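Colleague: I would like a close look at one part of this model, the aromatic pairs. Please go through them slowly, for someone in their first year.

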Amino acid sequence: MNIKRAKQEIKDAVEAYLLKDAYGAYEIPVIRQRPILLLGAPGIGKTQIMEQIARECGIGLVSYTITHHTRQSAIGLPFISEREYGGEKKAVTEYTMSEIVASIYEKMKKTGLREGILFIDEINCVSETLAPAMLQFLQCKTFGNHPIPEGWVIVAAGNPPEYNKSVRDFDVVTLDRVKKIEVEPDYEAFREYAVKARIHPAVISYLDARPASFYQMETTVDGRCFATPRGWEDLSRLLEVYEKLGKPVDKEVVRQYIQHDRIAGEFAAYLELYRKYESDYEIDGILRGEIREGTLKKLSHASFDERLSVVSLLLSGCLTKFHRVRVQELFTEALYGKMKEAGRALNDETLPTEGIAGVIAKLKEEAREERESRKKAELLEREEEKRLLRLEETLQRYGAALAERRPESGPAAFDILRELFAGERERYEELLKEGSGMLEHAFDFLEAAFGNSQELVVFVTGLNRSEDALAFLRSCGCERYQQYNRSLLFGEGDREIRREIERLSTEG
């Protein structure tokens, strides 16, 4: 199965294992909660989906790469204690708590989360001395003499033997006690994630044209050559920052992430062309509504890859704007909630004038506590943290405005807040208007350049794959999007264009 299906399978298992009956007991007894064994090629996102599942389920996560551990750190250190048996005192060997088990209790103490996932990576690549302890861990859910706390689901991951010479096979006794999931690289699953994670459009466009380059693992006379989803995502983040810094990205830089000489060279050349197309075709101008006959003529004689790159650039421009709209929309909704709370407090006739400042201060403190609580529990995504920080800053600014204008009553203070909030609403409406115009200009150009063609299929399909675009279209609407979405039968068209891409890639 692909990584998307694997994530859903693991999430379903976690939710099933943590479901309790009316008396607080787990519906599936802990003894029957099989550890999940996830086997798949390196770099396809096994660790990352654990982080996503933990956040989505609102539970803790403790991750360990077991190959970094010795037998002593995994199961604990021995010490001599004294016990009495049959009236006689005997010296016996006991073990300190495993570092791994102790880290679970530390996580519970730090985050306040009593349930979670214990993720052990590279479990089938441990040393000979640690291998028996790993088998005991999977079979008995213990490290040494210390059991994994109830409410913590075990997920272990490993690589197939073709990717790691240190791999050890599990025996049937162990395999019959685990929930085994095998995952394979799948570009369509990655692409869906890539759009959501806002992977650099040049990476997505390149891989759309050459999906075979998405994952490669080859053995050559010079050693292993590989390209992985992890490499593409990390390269994408570097591209974004290098663009802000004005730093060049050539083959040598790409090869530091995509350790496959041919693919690194291809992408570096493609990236250069991608940026050239952005300039030559004046993409920003097109999205402002500027369509030149020379541009249309040039594109009519362009190669398939070049036309696809131009479509990708137009789509990227629109999606960037739609993301800004979505960010503003979510922030405005959060701020509106705080304004409703402020309205209830400020319109209370019993509120004294000197209590006005305290209303906003309280709301700001609540926003800060929410952010810090979620961050402490490690359930806060980057975008959400930025939104909460912006909310705190805005409430601070609103409080300063009230202090400066000195309203004589609570209702008067609320009028000032409504005036300030209207500015945020206006910013949202302006972004929505800009996004709508940009989308219409993109359709104008695509129709003039290609008519009802495969390029329009790619553009509309790209919109359908973006949560930001779909949220925008629900808020704003677009008649031509609806028209093409119905008439182009994009599902079949997408399959046709993928076949064309693969053919051209093979011929290239």
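Modeller: What follows deals with aromatic rings, then with charges over rings, and ends with a helix and a charged residue. Please keep in mind that this is a predicted model.

A search of the whole structure gives 15 aromatic pairs. One of them joins Trp-232 and Phe-267, whose ring centres are 5.4 Å apart. Their planes stand at 75 degrees to each other, and the pair is edge-to-face. Trp-232 belongs to helix H9 (residues 229-245) and Phe-267 to helix H11 (residues 261-280). The two residues are 35 places apart, and the pair links distant parts of the chain. Both Trp-232 and Phe-267 are buried.

Phe-443 and Tyr-484 make a pair of another kind. Their ring centres are 5.6 Å apart and the angle between the planes is 20 degrees, so this pair counts as stacked; the cut-off for stacking is under 30 degrees. Phe-443 sits in helix H17 and Tyr-484 in helix H20 (residues 479-487), so the pair ties together parts 41 residues apart in sequence. Phe-443 has a relative accessibility of 0% and counts as buried. Tyr-484, at 3%, counts as buried too.

Trp-232 and Phe-267 also take part in one aromatic cluster, together with Tyr-206, Tyr-270 and Tyr-274.

Rings can also have a charged side chain over them. Arg-390 lies over the face of Phe-331, 3.8 Å from the ring centre. Lys-298 lies over the face of Tyr-281, at 4.9 Å from the ring centre.

Next comes helix H13, which spans residues 293-300. Its buried residues are Thr-295, Leu-296 and Leu-299. They lie on the same side of H13, because they cover an arc of only 100 degrees around the axis. In an α-helix there are 3.6 residues a turn, so residues three or four places apart point the same way. Glu-293 and Lys-297 are exposed, on the face of H13 turned away from the buried side. The cover over the buried residues of H13 includes helix H14 (304-346) and helix H17 (410-450).

The charged residue is Asp-121, in strand E5 (residues 116-121). Asp-121 is buried yet has no salt bridge. Lys-46, the nearest side chain of opposite charge, is 5.4 Å away, and a salt bridge needs the two atoms within 4 Å. Leaving aside residues up to four places away in sequence, Asp-121 touches Thr-47, Tyr-64, Thr-65, Ile-66 and Ala-157.

Key
Residues numbered from 1 in each chain as written. Predicted model: local features only at pLDDT ≥ 70, side-chain atom pairs only at ≥ 80, totals over all residues. Heavy atoms only, no water. Buried < 20%, exposed > 50% of the residue type's maximum accessible area, 1.4 Å probe, protein only. Helix = DSSP H or I, 4+ residues; strand = E, 2+ residues; numbered from the N terminus. Arc of directions from axis to C-beta. Contact = heavy atoms within 4.5 Å. Phe/Tyr/Trp six-rings, centres within 6.5 Å; stacked < 30°, edge-to-face > 60°. Lys NZ or Arg CZ within 6 Å of the ring centre and 35° of its normal. Lys, Arg positive; Asp, Glu negative; His and termini not counted.
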